[in-house]
Amino acid sequence: ISYPEKVDMTNCDKEPIHIIGKSQSHGVIVACDKVSLDITQIGRNSEEFFGAPYHELLSKPLGALIGEKRASELETLKNEEERPEVKEVKINDRDFVMIPHISEDSLILDFEPARSDYNPYEYQRQLTSILNTLGSSETPEDLCADAAKITKDIFGYDRVMVYKFDEEWNGEVIAEEKEQDLESWLGLHYPASDIPKQSRELFMKHRVRIITNVDYEPVPIEPELSPINGEPLDLSKSELRGVSPIHIEYLKNMKVGASLTAALISNGKLWGLLACHHYSAKYINYYHRQTCEFLTQIFSNELTLKETNRYIAKLEEWESIRGDLVVQIESEGKIKKGLSEQKVLFTDLMECEGGAIILGGKMRLVGSTPSKKQVKRLVEEFLSKQDDSVYFTKNLTKFHEPAREFLDVASGILSVKLGRSNKDFLMWFRPEVVQNVSWGGNPDKKASFDEEKQRMTPRKSFEKWTQKLTGVSDPWLDYQISAARAIRESLSNIILEKQKVKIDRLN
Ligand code: BLA
């Protein structure tokens, strides 16, 4: 396995956690050749659960372990997309839940001891209560609070958080339900590197993950490489996948004993995580995890619905402003005048303090803005060089140093190119909003290289650390960017029409 030699901040996201070669210790991973159903790889803890050491089971037909009948039911399974049925099996007089899935050439079976704590009536009641609760939350904010509450009620973790990612994959705890004696983490921010890219990607493939005990002894899977293709076993979808030592250390530094993490997805994208902590070991069975997955699916649907409703309401509002602007332009016969000198101003389209139009070499400013000279420089040195027709940032100084002179009026900018030249622009400005951002631990010390372990170690302290954020405006939201695109479209059409008329006159 090719682990990077030194895992530093830039290659934190290269640790190949999907082929870690180890399982957690509360169950056994068994892999078979998906065609012959002969056992090809197995966890070293097979003796503890099945009463037979791993080397005795390797190369045996799967039927020898789980019985011919159960094995024959798995014969037709060939497709990675299929979600095969979970079965209960008896091995060595012990009951197991067997969770199968296909991974490349292997059929992977996760075995967890079956517990008698599964109650179908309880299960029904929980699903109904999830549907009712999340269906009746009014706003996206209520939805998050309700999701944290019901998750805590059902699964009983000590702390349940709704963790939302921002555009740069930093995150914030936006809802929390916890045991009373714990300090609150509500509102705390965490840097993107705490949950590296490959971990986020795995949540799109396998949506609910438990870590049952941070003190578990990782169980090697034998042999390390699959005899079928000579590759390590891809455990992306395994229930029992072992945990990166870096993350285990992270949880220990947080004094957490066990966790449940579930993907929250909106419009096909990882929006956030439902993150649950327990301060001692904690296991929840497969059926409970299915309930949790159901909960996150309802959450995701409701979130998309509520955000779409909000979007539609806004859409109607600025469709009407856009209509007014077009009428004004037509009655004036002049674009600049129509946008900036009549009853409705183009700046009404956005929550902003000011804006600028640059058209045919002339500039008009509305509201509070940088000076004409400053805007000219911004266009020439920066905006004209952007490839996209729409550009936005909440932190202009990061990309255009001279913007430091006008932070108070334009820390944030949203701009659209008009027509095909790189000279005509319409833009909106937002002032700096000085904010205090509270982090869970100093983000400048988010990790360091540990010479002894020869790998990165996460920060030791998660003590609240407050940072004063300057040069940053309120963020531009999706629907505001859509509004900018739409007005650009209308104006481009008008400009095109005008050019046609001119050409017609010349002819
Ligand atoms: C994984 N880090 C994670 C996960 C979470 C966090 C939720 C997914 C856990 C899972 O799959 O069960 C982070 N947990 C948080 C945060 C909160 C929380 C932010 O409760 C806030 C309340 N971690 C580091 C550094 C590195 C790192 C510096 O801090 C890398 C150098 C790595 N985190 C890391 C890795 C994983 C991870 C590799 C994946 C673990 C795995 O799936 O094996």
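**Notebook: cavities, pockets and helix packing**

I looked up the lining of the largest cavity by residue class and noted 24 nonpolar, 9 polar and 5 charged residues. The model I am working from is a predicted one.

**Entry 1. Cavities**

I searched the whole structure for cavities of 30 Å³ or more and recorded 3. The largest cavity holds about 680 Å³ of space. I counted 38 residues in its lining, and those closest to the centre are Asp194, Ile195, Pro196, His247 and Tyr250. I then asked which elements supply at least two residues each to this lining. I listed the strands β7 (159-165), β10 (208-211), β12 (258-266), β13 (269-278) and β21 (455-458), together with α7 (197-205) and α8 (245-253).

For the second largest cavity I noted a volume of about 60 Å³. Its lining consists of Leu202, Phe203, His206, Arg209, Ser236 and Arg241. I sorted these by class into 2 nonpolar, 2 polar and 2 charged residues.

**Entry 2. Largest pocket**

I turned next to the pockets. The largest has a volume of about 2000 Å³. I recorded 47 lining residues, with Lys164, Phe165, Asp166, Glu167 and Leu477 closest to the centre of this pocket. Which element gives the largest share of the lining of the largest pocket? I found that α9 does, with 6 residues. By class I entered 20 nonpolar, 14 polar and 13 charged residues for the lining of the largest pocket.

**Entry 3. Second largest pocket**

I noted about 690 Å³ of space in the second largest pocket. Its lining comprises 25 residues, and Ile335, Leu359, Ile495, Lys498 and Gln499 lie nearest the centre. I listed α10 (335-340), β15 (362-367) and α13 (478-506) as the elements that give two or more residues to this lining. The most comes from α13, which contributes 10 residues. I divided the lining of the second largest pocket into 6 nonpolar, 7 polar and 12 charged residues.

**Entry 4. Helix α9 against α13**

I looked up the packing of α9 with α13, since both had appeared in the pocket entries. The two axes come within 10 Å and cross at roughly 25°. I therefore class α9 as roughly parallel to α13, the limit for that description being an angle under 35 degrees. The crossing in which α9 passes α13 is right-handed. On the α9 side I listed Tyr311, Lys314, Trp318, Arg322, Leu325, Val326 and Ile329 as making the contact. On the α13 side I listed Tyr479, Ser482, Ala483, Ala486, Ile487, Ser490, Leu491 and Ile494. The residues of this contact divide into 11 nonpolar, 2 polar and 2 charged.

**Entry 5. Helix α5 against α9**

I followed α9 to another partner. Helix α5 (residues 120-135) packs with helix α9 (residues 286-332) at an angle of about 15°, and their axes are 10 Å apart. I therefore describe α5 and α9 as roughly parallel to each other. I recorded a right-handed crossing of α5 past α9. From α5, the contact uses Tyr123, Gln126, Leu127, Ile130, Leu131, Leu134 and Gly135. From α9, I entered Tyr287, His288, Gln290, Thr291, Phe294, Leu295, Ile298, Phe299, Glu302 and Lys306. By class, I noted 10 nonpolar, 5 polar and 2 charged residues in the contact of α5 with α9.

**Entry 6. Helix α5 against α6**

Are α5 and α6 roughly parallel or antiparallel? I found an angle of about 165° between α5 and helix α6 (residues 140-155), with their axes 10 Å apart. That angle makes α5 roughly antiparallel to α6, because the description applies over 145 degrees. The crossing of α5 and α6 is right-handed. I listed Gln126, Ser129, Ile130, Thr133 and Leu134 of α5 in contact with Leu143, Asp146, Ala147, Ile150 and Ile154 of α6. I sorted this contact into 6 nonpolar, 3 polar and 1 charged residues.

**Entry 7. Backbone details**

I checked the peptide bond from glutamate 222 to proline 223 and found it cis, with omega near -15°. I located proline 223 in the loop between β11 (219-222) and α8. I also checked aspartate 93, a residue other than glycine with a positive phi, near 70°. I placed aspartate 93 in the loop between β4 (87-91) and β5 (94-103).

Conventions
Residues numbered from 1 in each chain as written. Predicted model: local features only at pLDDT ≥ 70, side-chain atom pairs only at ≥ 80, totals over all residues. Heavy atoms only, no water. Axes fitted to C-alpha atoms, helices over the stretch in contact; angles between N-to-C directions. Helix = DSSP H or I, 4+ residues; strand = E, 2+ residues; numbered from the N terminus. Parallel < 35°, antiparallel > 145°, perpendicular 65-115°, else oblique. Left-handed = near helix turned anticlockwise from the far one by under 90°. Contact = heavy atoms within 4.5 Å. Nonpolar A, V, L, I, M, F, W, Y, C, P; charged D, E, K, R; others polar. 1 Å grid on protein atoms, 1.4 Å probe; cavity = no way out; pocket = protein on both sides within 12 Å on 5 of 7 lines; lining within 4 Å. Points joined across faces, edges and corners; volume = space filled by probe spheres on them.
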